[in-house]
Amino acid sequence: MNIEEALPTFILESRELLEDVEARLLRGPAEMDADSLNAIFRGAHTIKGSAGLFQLDHIVAFMHGVESVLEGVRDGRVKLEDPLVTLLLACTDHARLLIEAVAAGEVSANAEMERAGAPLLARLGEYLEVTQLTAAVEKPRAAIVQPRPSGDSALTDHWHISLRFGPDVLRNGMDPLSFLRYLSQLGSIAAIETLSDALPPAPEMDPESCYLGFEIAFASMADKAAIEGVFEFVRDDCRIRILPPNSRVSEYVALIDEAPPQAPRLGEILVRCGTLTPHELEAALAAQQADAANAPKLGTILVDEGMVQPAVVDAALVKQKQLGDAKALDARSIRVDAGKLDKLIDLVGELIIATASTNMIARRTRVLDLQECAATLSGLVEEVRENALQLRMVKIGATFNRFQRVVHDVSRETGKDIRLVVSGEDTELDKTLIERLGDPLTHLVRNAIDHGIESPEERRKRSKPAQGSVRLNAYHDSGSVVIEVSDDGGGLKREKILAKAIERGLIDPERSLNEREIFDLVFEPGFSTAERITNLSGRGVGMDVVKRNIVALRGTVHIESDEGAGTTVIVRLPLTLAIINGFLVGVGKSVFVLPLDTIEECVEFPSAPTHDYTNLRGNVLPFIRLRDLFEVSDPPVARENIVVVRHAGQKTGLVVDTLFGEFQTVIKPLGKLFSGVKCISGSSLLGTGEVALILDVPALVQQAS
Amino acid sequence: MSRAKVAKPLATATRVCVEGELTIYRAMELKRALLEPLESKNAVEIDLSRVTELDTSGVQLMLLAQRTAAAKELELRFVDHSPAVVEVLALLNLGASLGLGASEATARGAL
């Protein structure tokens, strides 16, 4: 395996692990259960271990500090309280910095990193001292049985590796010898015992089965992950136990205990390998025998006698279980380069265009068989399209959970007690969308906390609960994804917004605006209602940038607010960026595409009304004549149609000549030249090779109202 | 290709010479070849000088032969270990139990 190639995976995994650690830390000490603690510890440990593989010594050193304190927490020697959580959060930030530096090609620490890391390590060290002191007080007996330095591992000592190969290893084409040879490249095999006890008598012995086991004392600077890596290919066929240097005696005993018939022998082997001292073995085995009558678990004995703490045994068990779980998860998902997916989507797009023209030609030939084939093909291509797009869909939950940290930090800075409520985490949307949503959402959440939610005193005055809440919600709605950021704060004050907008010359004082128009002013460049400027927001930049970002994603944003009760910012985004289900309409010789999801119904155009609205089942329906809008010069046909489209709850009619029906539309962006054109969001190729313009329904609806 | 043949001993021992690979690919055949001489009452000498390759299944067969012989209270000796055999037995720390004396090991090394 080429180490360099694995580096991006390391970076990705580390990012994910840090995210997970952070999320768990943010739940606070009160809700920290053993599982969470273990996960945090494992995260730190894995990053340290993998960093070691890549010789990222500065990361190893830093994570080692973090891991040591976490180990203390897990063992119950260090109390996990708020200051420590804050310190650990700072540590995850620093670790992230280090990882990003590696991603940027900086593989060793620079002075700045060291300056940033040193105080963190020093503060971690304070916890460690306490740890070691309490450890010494609590475990005097363990100290006698285990005369080695506890805690940090001395490099002079050996790893102990216990291998039992499964019967099928040889048949699967693998030779245990080659793993041992490979192992000896990572360090030196100080001692090895070959175990042949499992070898059956001659008649039953199948020469193609493997019966051997090995106990190995291994001197190496490599870390556990690296050693485990050696046995990667036989992991499923083989029972492997790897004990780091200076493991607790109990772990060796557990190893002995795993093979009851050979127990005494295995014990001797451990001594012979130099892994255990005879004295240590004696002590452990004596304890085992003394209680043989009651047949308790060895772990229990050791715990009872105070040699190890229950946490250690539990942790070991949990760890094994989780290793299994992780493997099962691995099998269910694979990591794919995003570039490959994009390429696939591109190809599917081309495929759709090609199928469309095949269809058209088939129809023209009037060969029934060919038409049938083409129809089947279209059906399949459509399914492929659905699936290919599905590949890019990611649940928004992970993004939402990242805001726990934002809320934690910002509420601390502002002195407000705020909780984040998340719903709709399972809503899926395009990965590119999710990536580009991060910044606007962060801004909205910060805004909600900073401006939306009142100070605790004010909340009490208004008899609201002292704890404010910010809600993130997501759901699908007719071809778009809706993301809501709401708070239960003071709400927007209409008069204030109006006054400010007039003061800034954004609107004419004479003009009367409805509520929604007033709230939309907030998104105007250079608008800010904050009475004082904080370091978070309120500098007059922000909301307009948020809007720009969202519009760039073909989305819209608007605000609903109840004064005194709270504000909700509603972001609407298209489900995907690449391909849509379209509906073809014709005006004269021009063909336009409407996103199918936005279409409510098609009705016949009532003959020649002179005004710009019509009566749709008793309701007023404003409409736009596309012929006029796009200045199509061909004369109108006798029977025109109205396509009723809907966006954000508002209906509008579009007057067109012909309805062509559904069409799979691959969105091609318009050239820069057309960036100023309104009401058109893109173009698409028809099967005939003609270009059809894709109508921007939100813009049209806005124009009609 | 490689094969195992049984030759009549010069002394009282049956001498088996393993030629070529002592590996999984011939494990079935070799099991028979190594165990058959143990049916007799004679001591058995297994000549390993012409073994070109030894793998885990080969090692298992050697251990099996040795154990079977011990059960029948027969004398079984592995002699003239080839370099390939020496390397594997050293790796597995089985030299002492599979007939590789310290002197023999060094003598082999000198060759």
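Helices (H or I, at least four residues) and strands (E, at least two) are DSSP runs, numbered from the N terminus. The model on screen is predicted, so local features need pLDDT of at least 70 and side-chain atom pairs count only at pLDDT 80 or more, while totals for chains, interfaces and linings use all residues. Residues are numbered from 1 along each chain as its sequence is written, and chains are lettered from A and ligands numbered from 1 in the order in which they are written.

**Stop 1: a loop in chain A**

Select Arg366(A), in the loop between α14 (338-365) and α15 (368-392) of chain A. Most residues other than glycine have a negative phi. Arg366(A), though not a glycine, has a positive phi near 60 degrees. Arg366(A) has 8 other C-beta atoms within 10 Å and is therefore exposed. The cut-offs are these: a residue is buried if 20 or more other C-beta atoms lie within 10 Å of its own, exposed if 12 or fewer, and partly exposed in between, with C-beta atoms placed from the backbone.

Next, move into helix α15 of chain A and pick Gly379(A). Gly379(A) is exposed too, because 11 other C-beta atoms lie within 10 Å. Add Thr355(A) to the selection: 24 residues separate Gly379(A) and Thr355(A) in sequence, and the C-alpha to C-alpha distance is 9.9 Å.

**Stop 2: two helices**

Show helix α17 (residues 431-452) of chain A with helix α21 (residues 543-552) of chain A; the two pack at an angle of about 150 degrees, and their axes are 9 Å apart. Axes are lines fitted to C-alpha atoms, for helices over the stretch in contact, and angles run from 0 to 180 degrees between N-to-C directions. That angle makes α17(A) roughly antiparallel to α21(A). Angles under 35 degrees count as roughly parallel, over 145 as roughly antiparallel, 65 to 115 as roughly perpendicular and the rest as oblique.

Which residues make the contact? On α17(A) they are Arg436(A), Asp439(A), Pro440(A), His443(A) and Leu444(A), and on α21(A) Val546(A), Asn549(A) and Ile550(A). Contact requires C-beta atoms, placed from the backbone, within 7 Å.

**Stop 3: strands of chain A**

Select β10 (residues 556-562) and β11 (residues 566-574) of chain A, which pair in the antiparallel sense over seven bridges. Two strands pair if DSSP finds at least two bridges between them. Ile559(A) stands opposite Val569(A) in β11(A). The hairpin of these strands has three residues between them, and there Gly564(A) takes a positive phi near 90 degrees.

Now show the open sheet of five strands in chain A, in the order β14-β17-β18-β16-β15, with mixed pairing. Its edge strands are β14 (599-604) and β15 (613-616) of chain A, each paired on one side only. From one strand to the next, the twist averages 35 degrees. β15(A) runs antiparallel to β16 (residues 619-625) of chain A, joined by four bridges. Asn615(A) has Val620(A) in β16(A) as its bridge partner.

**Stop 4: chain B**

Colour the two chains apart: 19 residues of chain B are in contact with 18 residues of chain A. On the side of chain B that touches chain A, α1 (27-35), α2 (56-71) and α3 (83-91) of chain B each give two or more residues. α2(B) gives the largest share, eight residues.

Finish at Asn93(B), in the loop between α3 and α4 (102-110) of chain B. Asn93(B) has a positive phi near 55 degrees, in a residue other than glycine. Is Asn93(B) exposed or partly exposed? Asn93(B) is partly exposed, because 17 other C-beta atoms lie within 10 Å.
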